[in-house]
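Me: I'd like some help learning to read a protein model feature by feature. Could we go through it together, with the general idea first and the case at hand second?

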Amino acid sequence: MSQPLTHKGRPVPYITAWSREIVAQPNVMATAGGLAYAGTAPGRDPDGVLWQVWARRPGSGEPVWNRVHGLRQRQAMRKFLCQVCGGPADRNEQGWLWLLEDQRDEERREWPDGWMTVHPPVCRSCLVVATRLCPHLRRGVVPVRVGEVILDGVYGQRYRVGPLGLLGGERDTLLMGDWQSRWMVGGQLAASLDRCTVLDPAEFGIEQPAARRAAAAP
Ligand SMILES: [Zn+2]
């Protein structure tokens, strides 16, 4: 495993943004092909996504615990890096190791096949640490092996053209190639997961929140 950066003795996940990485965003404007940045700011990437702009200065300033650094998040998704330490994520014959918020219920028997996530995979060493560090994982998590990962989505902020110009809309996840994604500033790359195997959290030493344990009791 690689060593994550620390702040005041606490490990800071690889994908967490640092305060000096947040930069002023270029103005957006409406064009025939969707949103564009004004001036000399970067254009769409080869997938047709206009991405939010970041500086890359990990360790600079303070960690911003609730913000994900878009560039490192995309890099972790594309190269299968652990979201906590930035080293290679774990993989075996069943696939890549992922930690997901437990969404199993009667309605979703197929879960997590077909599920979309913006959270990158993890390595074995960081699995338990990730359950403590990631706010979205505190409610009950399951480790999952993912046999097939398709990077086909983008999470970001939608815009629409109003009578007085562009209006910022809701945050959403859209498939790349969806025309609506041309009216979005991308924040994070989303992956569709398939050929998944749900593993037993206890085998990995993952503690479940008391509420879920109580609900699972007969
Ligand atoms: Zn790791």
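Reply: Happily! Let's begin with lysine 8, which lies in the loop between β1 (5-7) and β2 (10-12). Strands here are DSSP runs of E with at least two residues, helices are runs of H or I with at least four, and both are numbered from the N terminus. This is a predicted model, where local features need pLDDT of at least 70 and side-chain atom pairs count only at pLDDT 80 or more, while totals for chains, interfaces and linings use all residues. Residues are numbered from 1 along each chain as its sequence is written, and side-chain values use heavy atoms, with hydrogens and water left out.

Me: What is the sign of phi at lysine 8?

Reply: Phi of lysine 8 is positive, about 50 degrees, although the residue is not a glycine. Arginine 195 also has a positive phi, near 50 degrees, and is likewise a residue other than glycine. Arginine 195 lies in strand β13 (residues 184-198).

Me: Is lysine 8 buried or exposed? And how does arginine 195 count?

Reply: The idea is a cut-off on relative accessible area: buried is under 20%, exposed is over 50%, and partly exposed is in between, using a 1.4 Å probe and protein chains only. Lysine 8 has 77%, so it is exposed. Arginine 195 counts as exposed because its relative accessibility is 54%.

Me: What should I look for in the loop between β9 and β10?

Reply: Two spots. Proline 112 is in that loop, and the peptide bond leading to it from tryptophan 111 is cis, with omega near 5 degrees. Aspartate 102 is also found between β9 (95-101) and β10 (116-117). Aspartate 102 is buried, because its relative accessible area is 11%. Its side chain makes a polar contact of 2.9 Å with the side chain of arginine 104. A polar contact is a pair of N or O atoms within 3.5 Å; within protein, one must be able to donate a hydrogen and the other to accept it, and residues adjacent in sequence count only if both atoms are side-chain atoms.

Me: How do β11 and β12 pair?

Reply: Two strands pair if DSSP finds at least two bridges between them. Strand β11 (residues 141-162) and strand β12 (residues 165-175) run antiparallel over nine bridges. A hairpin of two residues joins β11 to β12, and glycine 162 stands opposite glycine 165 in β12.

Me: How many disulfides does the search find?

Reply: A disulfide needs a pair of cysteine sulfur atoms within 2.5 Å, and the search of the whole structure finds zero. Take cysteine 196: the closest cysteine sulfur, in cysteine 82, is 18 Å from its own sulfur, so the two are too far apart for a bond. Cysteine 196 counts as buried because its relative accessibility is 16%. Cysteine 126 is buried too, with a value of 1%.

Me: Now the whole chain. What is its radius of gyration, and what would a compact globule have?

Reply: The radius is taken over C-alpha atoms, and the globule rule is 2.2 Å times the number of residues to the power 0.38. For 218 residues a compact globule would be near 17 Å; the protein has 19 Å, which agrees. The C-alpha trace spans about 60 × 45 × 35 Å along its principal axes. The protein has three helices and 13 strands, and 44% of its 218 residues count as buried.
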